[in-house]
Amino acid sequence: MNLRNIAIIAHVDHGKTTLIDVLLKQSGSFRENQRTEERMMDSNDLERERGITILAKVTSLVWGDTRINIVDTPGHADFGGEVERILHMVDGAIILVDASEGPMPQTKFVLSKALKLGLKPIVAINKIDKPDQRAEEVLDEVFDLFAALDANEEQLDFPVLYGSAKQGWMSLDPEKPAEASMAPLFDMVLDRVAPPQAEEGSFRMLATTIQSNPFLGRILTGRIVSGTATANMAVKALSRDGKVVETGRISKVLAFRGLEREPVESAQAGDIISIAGLQTATVADTIAAPDVTEPLHAQPIDPPTLSMTFRVNNGPLAGTEGDKVQSRVIRERLMSEAEGNVALKVEDSAEPDAFVVSGRGELQLAILIENMRREGFELCVGRPRVVFQQDEAGNMLEPIEEVIIDVDEEFSGAVVQKLSERKADLIEMRPSGGDRTRLVFHAPTRGLIGYQSELLSDTRGTAIFNRLFHGYAPYKGEIPSRNTGVLISNSSGESVAYALFNLEDRGPMMIDAGVKVYEGMIIGEHTRGNDLEVNPIKGKQLTNMRASGKDEAVKLTTPIRLSLEAALSYIADDELVEVTPKSIRLRKAILDPNDRKKASRAKKTAA
């Protein structure tokens, strides 16, 4: 059967997963009466809740006499490690661009990787049915982006389709056709994307993604470069430097058929398949027949830019809400995550019962923590820190990110001022349609920790914030952090409404009445710059003396509810986020107030 392997590339929320839904339905992958869900490729709970793709996935459909393997790639820069490897499996790419937003940072990031590999992309301008669409301007922006990324003449001569994935049509013309159909896109793929080229020799395959299955064990997915894979054949795994990692047999060869993976007897060169049966082989290893000695070239992955310290929960409430609390269990879970996700790095910390986890961004690490708490883990997490590097002269270099902010014109001044305080350089400022301005900055990653919530409050929730790793640059000096202190509980017990009502003058609360608190736990934000210890469990003195005023029911202001990402970006260096399956609490790293004062004095003396 004829084969085509393509990837769909787009920025987050530009419609990749919706497009794949429509392609599967129109190609006849489902029965007429089969129940299907929206965004079928987003199989993970977190993906469905957040409406983003986190893991790259493969699906397969038949159009005419051709089988098309389609890879759905994540649209968020934090999961770029997935995308870089996936592009090696495909021979073509569909660049999906929003008709009003235009090309965004992730489009640029993935497109640059695709062009370097020599892929010739097809551009599809999606959401053309939106009232604020500006397809012609967006097409010019896409062409400028190709030129800026040093595309060759063949790549610059890209075909363009217009359409709406939601309405189920694509066309060579921006006007909606009489019959809503994806046929022009299928025909364009068959016409423009070359069939996969098989190399000579025995079976070889580069593992690009890894999953674990309770019945089959490790499942490695990749594209067969040469030879044929059959069930029960002997294979070995070679690392990137050519060492033999393990030898074994393929227990199952799984091919993609619609949304399912089905066992097949054999698979030919050029096809994208999954194999089971190996115990230690991982991503970037070459799975090959026993006579192969040279590994396939694996793409180096961009280095991590942020790190966090994961600690065992040592608070007074440890073990009351989760069942996985020991450092051994946390370590095993982190190591298994790092195996499948090459953009993550896990190291043992100098502190006891603590591990340093490095990744691409706050969102990637927050997704890992969220998955762990849903699995029953309890842990404490420190403030994100950037990963510094040194140049040959020994000078400190820090990661710089390209930040693109779309904002209403009236708020642009406030955004520029706040980011310049955080040592960001304004690179570009231009109108982006509809009384909005697009601001492009080069900002140190340190300055962006905790900035998103501040940006949303400065712009009344109207700003769109995107960021992308740009490179390393000389250290830019101190950046001011949070300018308010916190309210710290000085006793343990259950919070009382009467006490919280009297503390509201000191600052907004983060807890309700009737919540378990302990000494050293953060219960609110202080309106001034210093930390303040308070008593949230102090009840009203009950005497038989009549008060002149009536006893009125206490009405508390709604407390601040911090999400996991907001909590991670809010805390200072001496604070931790305590994460359990039921709660997210903020606390001081040192719970005892006397020990905190000693540590603070020691730090000042050292400085």
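This passage describes an open sheet, a largely enclosed helix, a set of salt bridges and a nonpolar surface patch in a predicted model. Residues are numbered from 1 along each chain as its sequence is written, and side-chain values rest on heavy atoms, with hydrogens and water left out. In this predicted model, local features need pLDDT of at least 70 and side-chain atom pairs count only at pLDDT 80 or more, whereas totals for chains, interfaces and linings use all residues.

Eight strands form an open sheet in the order β12-β11-β17-β8-β9-β16-β13-β14, with antiparallel pairing; strands here are DSSP runs of E with at least two residues, and helices are runs of H or I with at least four, both numbered from the N terminus. Two strands are taken to pair if DSSP finds at least two bridges between them. The edges are held by β12 (244-249) and β14 (260-264), each of which has a single partner strand, so that one side of each is left without a neighbour in the sheet. From one strand to the next, the twist averages 35 degrees (axes being lines fitted to C-alpha atoms, with angles running from 0 to 180 degrees between N-to-C directions). At the β12 edge, strand β11 (residues 234-238) pairs with β12 in the antiparallel sense over five bridges, and V235 stands opposite G248 in β12.

Helix α1 (residues 16-26) is largely enclosed by the rest of the structure, because eight of its eleven residues are buried. In this classification, buried means under 20% relative accessible area, exposed means over 50%, and partly exposed lies in between (1.4 Å probe, protein chains only). The buried residues of α1 are K16, T17, L19, I20, D21, V22, L23 and L24.

The structure holds 30 salt bridges, each defined as a side-chain nitrogen of Lys or Arg within 4 Å of a carboxyl oxygen of Asp or Glu. In one of them, D91 pairs with R223, the closest N and O atoms being 3.1 Å apart. Since D91 lies in the loop between α3 (80-86) and β4 (92-98) and R223 in strand β9 (residues 217-226), the pair ties together parts that are 132 residues apart in sequence. D91 counts as partly exposed at 22% relative accessibility, whereas R223 is buried, with a relative accessible area of 11%.

A salt bridge also joins the side chains of K120 and E154 (3.1 Å, N to O). K120 lies in the loop between α4 (105-116) and β5 (122-126) and E154 in helix α6 (residues 153-156), so this pair ties together parts 34 residues apart in sequence. K120 is partly exposed at 41% relative accessibility, and E154 is exposed at 54%.

The side chains of K588 and D574 likewise meet in a salt bridge (3.1 Å, N to O). This pair links K588 in strand β34 (residues 584-588) to D574 in the loop between α14 (564-570) and β33 (575-579), 14 residues apart. K588 is buried at 2% relative accessibility, while D574 is partly exposed, with a relative accessible area of 40%. Through shared partners, salt bridges join D531, D574, E575 and K588 into one network.

At the surface, F388, M396 and Y475 make a nonpolar patch of about 260 Å². Patches consist of residues with over 30% relative accessible area and no salt bridge, nonpolar side chains (Val, Leu, Ile, Met, Phe, Trp, Tyr) being joined within 5 Å and like charges within 9 Å; accessible areas come from the Shrake-Rupley method with a 1.4 Å probe, and for residues only the protein chains shown count as cover. M396 is placed in strand β24 (residues 396-408) and is partly exposed, with a relative accessible area of 40%.
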